[in-house]
Amino acid sequence: MKQKATAVLSAAALLFGAAGTAQAGTLEDVQSRGVLRCVVSTGIAGFAQPDANGVWRGFDVDFCRATAAAVLGDASKMEAVTSTGKTRFTKLNAGEGDVLWRNTTITFSRDVGVKLRFHGVNYYDGQGFMVKKSLGVTSAKQLDGASVCIQTGTTTELNLADYFAANNMKYEPVTIETNDEARQNYESGRCDVYTTDASGLSSTRSALPNPGDHIVLPEIISKEPLGPATRHGDDQWSDIVTWVLNATITAEELGVTMANVDQMKSSKNPEVLRLLGVDGNQGQELGLSQDWAYQIIKQIGNYGEIFERNIGVNTPLGIERGLNALWTKGGLMYSPPFR
Amino acid sequence: MTTLTNQTPKGLSRLWRNKESRGVIIQIITMAIVFALLAAIGRNVVVNLEAVGKDFSFDFLSWPAAYDIGFSPFIEYTNKSTHLMAGVVGLLNTLLIAFWGCILATLLGFLLGIMRLSSNWLVSRISYVFVEFVRNVPVLIHILAIYAIVVTILPATRQALSLGGDTFFLSNRGFYIPAPIYETGAGWVGIVLLISIALAIGFKRWARRVQDQTGKIYPVFWISLALLIGLPGIALIGTGFPISWDIPELKGFNFQGGMAIKPEFLALWLGLSYYTAAFIAEIVRAGITAVSHGQTEAAHALGLRPNRTLQLIIVPQALRIIVPPLCSQYLNLTKNSSLAIAIGYMDITATLGGISLMQTGKEMETMLIVMGVYLIISLLISSFMNWFNSRIKLTER
């Protein structure tokens, strides 16, 4: 019930907290604190999970580290603020976290209604279904009457309702709070189907005792563009998060990697030089040090490296780049130019 | 006094020295501080919400909720219903669990409390060990444990345990039981049932009056039972059994038809009930022990049999001690039911205070509503228990 307690605490922060937590100055706050607080999930293999030594690892965590590298010059100066699907925005808006890197779908109501600022997409996802092979189900259209495990407070909850209504099917929603509880309920047979983003399904499947006994159905029923979010009202901080993400994508496009970033400093390509802070004053304009993007690539790597290290084909998750390949390679990853 | 009132220049210090007016002044100051604090909190809320660009409004209650609720036994709810309806579904689920929880907790609690006082060593020890174990483990752990047991130990739907010749089914998706279908004529049976209840109550009053006047005692319980079972039974036969049963049947992924007790409800209900029952057992024990043994001896000396002694002498006196703390336990149980969210039972904290909060981003508004709802439920329970307490209190003549 820790999540519950923190939701109440966040509400209490709204009651008693000093006004100003949500106003401009996040960069100064982070720099004077010396540590970046990222709102992450309570544990999704490959995306955000503590390793055996209790150090947070994963795709989303690496982007948080990249932000820390850009802002503080040290990728290790980050702190994970765990949150369930339900508590994440409250925690961000109450100022418990500086930025949210937590496989969060960008939607109209979250952008406008929940008053968040989104900064582009770091993973193009879509909602899918996972079932036990033994059920003999091959399509989501055959799921009429099934019990479906679903995480509360997510967009998947709404997509699911729409999908079953559109196909004139009935289902029993079994609403749970975290990915782990969902897995337990799915494993025990409390539900026939587990539904969440396809990336989350791959992650959950990889953590099951016999991943081969489970299949992810071919239907992808929604668009789930996942991306980082910050609070309204701090444009400078918004710019920083936006361009941290863009820097990793641009670096991949320009062929700048963790290994060659030092040689690249003497590249002939003017955009590489601008990215790495050799030319121009982009770091200064952001309010950061001149080598902010260099620090990201040096310590964390480019987008492709982050992807392959945490969730790519050579990891237990084994996810193909697909939509998340660069635009030059048939995907959707496209960063505005560093100019 | 007149000389004092003439000294007007020292009015203020005179007010302070007077005991009564000093009390009033202190109260005014305290109230001022409290209101200032409340105003500061209110201002903080407004300022902080404005800082993140949120307005304070309850308009979202009429927006479509867009999510489904798995457990809505009383009213029709679809994802096209409003957030308000989602809240109502949650509220009804909260009331359902609170109602059945209080009943089971009371029954179990009285049973355990009386067992604890038993002269049989084994019976009393069993109760003692159970009470001590249960009340020293947090209620959330109990709920999670029962839920885990229900979901992992019971068989899956397709291997469901069939009881009573394929009419009852037990699986980890719930306990499926036949549902009654009322056909034409069932209404008459219902009317006869109501009449027999009225007759039973009337008979009890009449028997009481006769006893007060003449001392003659009728076997009220047995005659009432005969009335309550016999008359509707005759009506059933007379109308030719207008009730049939909808028997659950495995179709596709799940059982269709019948009624189901879901594992979420079961885990929450049992967990809350036996946890609260452990506390009630101690209250009952204390209440009965507090009645002086001399009362029993006196009753026996007057020639009352042991069960009449318990019924007329011990219990009425013990109840006076039991009822006020029992009320607190009912309140605890009701509030603890908000732990439902841990296992996915859709109470008001899970619907309006959970999913609706999340989908609309209205933290302050939803939390205020949920708090208000729990406050109202608690006050209703308190006032009912106060009424009950005043009914059974010592009548002094």
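**Reading contacts and cores in a two-chain model**

Tutor: In this predicted model, the contact between the chains draws 40 residues from chain B and 44 residues from chain A, where two residues are in contact if their C-beta atoms, placed from the backbone, lie within 7 Å. Local features need pLDDT of at least 70, side-chain atom pairs count only at pLDDT 80 or more, and totals for chains, interfaces and linings use all residues. Residues are numbered from 1 along each chain as its sequence is written, with chains lettered from A in the order in which they are written.

Student: Which helix gives the largest share of the side of chain B that touches chain A?

Tutor: Helices here are DSSP runs (H or I, at least four residues), numbered from the N terminus, and α3(B) gives that largest share, seven residues.

Student: How should I read a pair of packed helices?

Tutor: Two packed helices are described by the angle between their axes and the distance between the axes. Here the axes of α9 (residues 235-254) and α13 (residues 292-299), both of chain A, come within 10 Å and cross at roughly 60°; axes are lines fitted to C-alpha atoms over the stretch in contact, and angles run from 0 to 180 degrees between N-to-C directions. Val244(A), Ala247(A), Thr248(A) and Ala251(A) of α9(A) meet Ala293(A), Ile296(A) and Ile297(A) of α13(A).

Student: What does Ile143(B) touch, leaving aside residues up to four places away in sequence?

Tutor: On that count, Ile143(B) touches Ala267(B), Leu268(B), Gly271(B), Leu339(B), Ala342(B) and Ile343(B).

How values were computed:
Helices (H or I, at least four residues) and strands (E, at least two) are DSSP runs, numbered from the N terminus.
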